[in-house]
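Biologist: Hi! Could you pull up the model so we can go through it together?
Modeller: Sure, here it comes.

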Amino acid sequence: MTDIIEVKNLTKKFGDVTAVNNVSFSVAKGERFAFLGPNGAGKSTTIKMLTTLLEPTSGSIIVDGHDPVTDSSAARSSFGIVFQDPSLDDELTAWENMDFHGVLYGVPAKERRQRIDELLKFVELDDRKDSYVKEFSGGMKRRLEIARGLLHKPAIIFLDEPTLGLDPQTRNHMWQYLEKLNEEDGVTVFFTTHYMDEADRVAQRIAIIDHGNIVAVGSGAELKAQTNTETLEDAFLALTGSEIREEHADASARMRMMRGRR
Amino acid sequence: MFRTIYIMWLREMKRFIRSRSRIIGSLAQPLLFLLAFGYGLGAVFSAAGQGNYIMFLAPGIIGMSIIFTSIFNGVQVIWDRQFGFLKETLVAPVPRLAIMIGRTLGGASVAALQGCIVLVMTSFVGFHPYSWPLVIPAILVMLLIGLLFSALGIAVGSLMRDMQGFQLVMNFLVQPLFFLSGALFPLKGAPMLLTIIARADPLSYGIDALRGFLINGSTFGIGLDLAVLAAFSIVFLAMGSYFFSKIQA
Ligand SMILES: Nc1ncnc2c1ncn2[C@@H]1O[C@H](COP(=O)(O)OP(=O)(O)O)[C@@H](O)[C@H]1O
Ligand SMILES: [Mg+2]
């Protein structure tokens, strides 16, 4: 299978903090790939470099055949992204947010309307399409962001902690959409999470990242076999020497969501 | 390119039209100035042989509402960054220049609209343009002033990381630009130092051009006014695009 994302020796430093430390990995076309790691591991920083929002300190990246640094416009057309923090315009309606995106990405008017209707139905927001986003709950916003990220038919969808701060039911729902999409349309799904069960269940391959380093890459089963453990939690513990404290991560996620909602 | 400019412009317009409290709020200040200065100083002004103060003041107040509205609009880049929407535009496969121009045009249109509302308001306190057809070029001047200061606002907003900076901009940039522009007093006969400062302030030329079209009272000459406004607009647009393109998330 061909690789749609190739990363070699990627490093990002902020002053003397090394957020991402010489990581290399690749993602196959049509794969569901997870970055699993605790808060501050370097997940968002990596996604930002892959999606042209940050320039790497060193290393090389290819996204769908394009270099995000030198060929940013072509790279940008190839992906959709759901950011860790909210990125909708609260003063616009759900439909207007979608339309804005469609126009920016050059989706022709007729197709745009049709796809917006389709996608809003898909994420079950069609009955709220004319509501202002500021009236939406965190879960609804996330669903809208997913729909928006898919509007221009990207080859890859990046999701940075898409289920952070959502209740389990909404989380399940969201993964159902994404898996369906991945299986039916072959969209490559690259997501980050600090939830073990999610990575284990959804991703075909997982990269475990800690303190800016990728410590292991493989399927859930491979990681468990490699460490002689029964669960991904134990595998994670064996590989990194620490556990992910979810309560801590959840609390900070909720705070972030609240700030974003104001 | 054009669709990007259009959609960015449309967004600014929608946000403006929907924020009724902002529109009303931003009318309070011009009204206050018109009443307090217009009526308060009117008698002194005409006693000094300068004519009708309301007629002189109204274009200055229109200019005030335009500079406040347009810089405020430009600096909203900070809001977009804070609330995350900026990222949506930054990952889009479109030139940063188009995003910047669309935003600037949106801000300018909003400011010119606001200027027109203030123009209507001034007619209630006794202002009337000396020629109605010349109101049209006056509105174009409002757009140009809006363009200039929207671009400046975006340039400044792109350099800032948080909202604290916003108050600084308002206090140390917008207020001096307004008060030293000759919006409230005639530059003819003003002390030398003040005249020099006012001549370096682009808003002076905007207000002078408005006076030219609205009360046939330009001091610098409309040709010079328009040339200076255009030159500043181009410089600020270039600066704004540059700083905007350097934003990283
Ligand atoms: N803009 C920035 N400036 C300075 N340090 C940063 C910046 N962004 C991230 N960091 C630091 O880089 C490290 C990795 O952060 P991040 O990629 O957000 O982690 P994660 O998404 O895995 O939680 C953290 O130590 C964080 O504090
Ligand atoms: Mg993160």
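Biologist: Let's start with the ligand. How far is an oxygen atom of ligand 1 from a polar backbone atom of Ala41(A)?
Modeller: That distance is 3.1 Å. Bear in mind that this is a predicted model.

Biologist: Noted. And what about Gly42(A), how far is its backbone N or O atom from an oxygen atom of ligand 1?
Modeller: For Gly42(A) the backbone atom sits 3.0 Å from a ligand oxygen.

Biologist: Which residue brings a polar side-chain atom to 2.5 Å from an oxygen atom of ligand 1?
Modeller: Thr45(A) does that. As for cover, ligand 1 has 560 Å² of accessible area on its own, and the protein covers 61% of it.

Biologist: Who else is around ligand 1?
Modeller: The surrounding residues include Phe14(A), Ala19(A), Pro38(A), Lys43(A) and Ser44(A). Sorted by class, the shell has 4 nonpolar, 5 polar and 1 charged residues.

Biologist: Which helix gives the most to that shell?
Modeller: Helix H1 of chain A, residues 43-50, which contributes 3 residues.

Biologist: Great, new topic: the two chains. How many residues does each one put into the contact?
Modeller: Chain A supplies 34 residues and chain B supplies 22 residues.

Biologist: And how much area is buried between chain A and chain B?
Modeller: About 2500 Å², with carbon and sulfur atoms giving 60% of that. On the chain A side, Leu53(A), Phe100(A) and Leu104(A) lose the most area to chain B, and together they account for 27% of what that side buries.

Biologist: Why quote an area at all?
Modeller: Because interface size is often given as the accessible area lost when the parts come together.

Biologist: Fair enough. How many salt bridges are there between chain A and chain B?
Modeller: The count is 5. One of them pairs Arg148(A) with Glu88(B), where the closest N and O atoms are 3.4 Å apart.

Biologist: How many residue pairs are in polar contact across the interface?
Modeller: With both residues at pLDDT 80 or more, there are 12 such pairs.

Biologist: Which elements of chain A supply at least two residues each to the side that touches chain B?
Modeller: Helix H2 (72-77), strand E5 (79-82), helix H3 (94-104) and helix H10 (246-261). The largest share on that side comes from H3(A), with 6 residues.

Biologist: Last one: what's the class mix on the side of chain A that touches chain B?
Modeller: You'll find 13 nonpolar, 10 polar and 11 charged residues there.

Methods. Residues are numbered from 1 along each chain as its sequence is written. Chains are lettered from A and ligands numbered from 1 in the order in which they are written. This is a predicted model: local features need pLDDT of at least 70, side-chain atom pairs count only at pLDDT 80 or more; totals for chains, interfaces and linings use all residues. Side-chain values use heavy atoms; hydrogens and water are left out. A residue is near a molecule or strand if one of its heavy atoms lies within 4 Å of it. A polar contact is a pair of N or O atoms within 3.5 Å; within protein, one must be able to donate a hydrogen and the other to accept it, and residues adjacent in sequence count only if both atoms are side-chain atoms. Accessible areas come from the Shrake-Rupley method with a 1.4 Å probe; for residues, only the protein chains shown count as cover. Helices (H or I, at least four residues) and strands (E, at least two) are DSSP runs, numbered from the N terminus. Ala, Val, Leu, Ile, Met, Phe, Trp, Tyr, Cys and Pro count as nonpolar, Asp, Glu, Lys and Arg as charged, and the others, Gly among them, as polar. Contact means heavy atoms within 4.5 Å. Buried area is the accessible area (1.4 Å probe) that two parts lose on being put together, summed over both. A salt bridge is a side-chain nitrogen of Lys or Arg within 4 Å of a carboxyl oxygen of Asp or Glu.
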